[in-house]
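Welcome! Let us take a friendly walk through this structure, one topic at a time.

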Protein chains: 2
Amino acid sequence: MITDVLDFETRLAHGDHQAIKLWLRLLTTTTLVESELRTRLSATSDISLPRFDLLSQLEREPAGLRMSELSARLMVTRGNVTGLADQLESEGLVERTSGPDRRSVTLKLTPLGHERFGEIAEQHEGWVIMLLGALSQPEQEQLSALLGKLKAHLKARRA
Amino acid sequence: MITDVLDFETRLAHGDHQAIKLWLRLLTTTTLVESELRTRLSATSDISLPRFDLLSQLEREPAGLRMSELSARLMVTRGNVTGLADQLESEGLVERTSGPDRRSVTLKLTPLGHERFGEIAEQHEGWVIMLLGALSQPEQEQLSALLGKLKAHLKARRA
């Protein structure tokens with residue numbers, strides 16, 4: 001028996017519908033890219049993927065984000081966000097400020113956090129370009145259009 | 001500020017490379033499908049997504065699988081597999097047997113497990129067909145071919 005790690009298509013049984021094969025292929029491809037990015041991030045920096053995700057959300061919101069908003073965007077629990085924020089604050093990469101109503105806490109990048117994120121984001125972008133580089137530019141555009149159509153349909157279902 | 005839950009493309013900053021947009025779109029689409037399947041599974045059965053994944057691996061291996069093999073295929077820790085196996089065994093859906101060398105434990109479906117899995121898999125397949133149904137058959141084939149090319153490239157990198 002050969003271990004076929006990280007390939008959800010191993011789950012397929014004879015006779016499965018085409019849509020199931022497509023779904024497992026989508027899941028496998030995403031997991032492979034994510035796993036590769038995770039390995040590279042942890043090998044070259046002390047910023048894990050969840051930390052990177054949090055910093056990238058803050059990077060595009062100079063005014064900061066409420067913890068509840070961060071939790072929703074990152075799809076992790078409030079407790080997890082608090083834990084990540086505590087670590088990043090102790091390293092001087094983020095800071096907590098009280099919101100205007102003084103009841104909510106807003107998290108934002110410090111100048112150091114902005115700088116460190118920029119360095120890592122540049123590397124991260126290089127890896128993504130390289131990993132997706134198996135597809136030509138027209139193929140990437142085609143893939144983007146198909147996923148865009150599917151995503152719009154799925155989001156409309158949730159609305 | 002509008003919460004755009006479950007859309008990793010919210011992470012995009014102005015000027016990000018096309019490959020990053022494609023990667024975040026891939027991640028978002030996969031997460032939306034997975035989240036929808038997870039919700040439906042838990043609403044209609046007592047089989048969570050991790051339990052379903054474990055049962056589907058066993059379904060295609062009538063001789064059973066070693067715990068280490070299951071752990072690798074499901075990409076979860078040995079401890080998690082043990083926990084899931086304990087629950088499923090207590091419900092009579094799987095059974096543990098000693099391997100030929102008597103050192104390794106093999107897990108396989110019971111007849112009841114096979115029957116229950118079949119019922120849920122049929123529903124699950126229907127949901128996947130419906131969720132991916134935003135794309136026509138030719139579009140699904142195109143998407144499958146593009147993902148297949150990308151996946152082969154990513155797997156070759158790991159080999």
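## Starting with burial

A residue counts as buried here if 20 or more other C-beta atoms lie within 10 Å of its own. The model you are looking at is predicted, so a word on its confidence comes further down.

## Helix α3 of chain B

Which residues of helix α3 (residues 67-74) of chain B are buried? They are B:E69, B:L70, B:R73 and B:L74. These residues span an arc of only 120° around the axis, so they sit on the same side of α3(B). A general point helps here: an α-helix has 3.6 residues a turn, so residues three or four places apart point the same way.

The cover over the buried residues of α3(B) includes α2 (49-59), β1 (65-66), α4 (78-90) and β3 (105-109) of chain B. Just after α3(B) comes B:M75, with a positive phi near 55°.

## How the two copies relate

Now for the pair of chains. A turn of 180° and a shift of 0.0 Å along the axis lay chain B on chain A with an RMSD of 0.0 Å. The two copies are therefore related as by a two-fold rotation axis. In chain B, B:L143 has the C-alpha nearest that axis, at 3.2 Å. Both copies use the same surface, as 100% of the contact residues of chain B recur in chain A.

## Confidence in the model

Chain A has an average pLDDT of 87, and 88% of its residues score at least 70. Within chain A, confidence is lowest in helix α3 (residues 67-74), at a mean of 87, and highest in helix α6 (residues 137-158), at 94. The model scores ipTM 0.81 and pTM 0.80.

Terms used. Residues are numbered from 1 along each chain as its sequence is written. Chains are lettered from A and ligands numbered from 1 in the order in which they are written. This is a predicted model: local features need pLDDT of at least 70, side-chain atom pairs count only at pLDDT 80 or more; totals for chains, interfaces and linings use all residues. pLDDT is the predictor's confidence in each residue, from 0 to 100. Helices (H or I, at least four residues) and strands (E, at least two) are DSSP runs, numbered from the N terminus. A residue is buried if 20 or more other C-beta atoms lie within 10 Å of its own, exposed if 12 or fewer, and partly exposed in between; C-beta atoms are placed from the backbone. The arc is that of the directions from the helix axis to the C-beta atoms. Two residues are in contact if their C-beta atoms, placed from the backbone, lie within 7 Å. Copies are superposed by least squares on the C-alpha atoms of residues with pLDDT of at least 70 in both.
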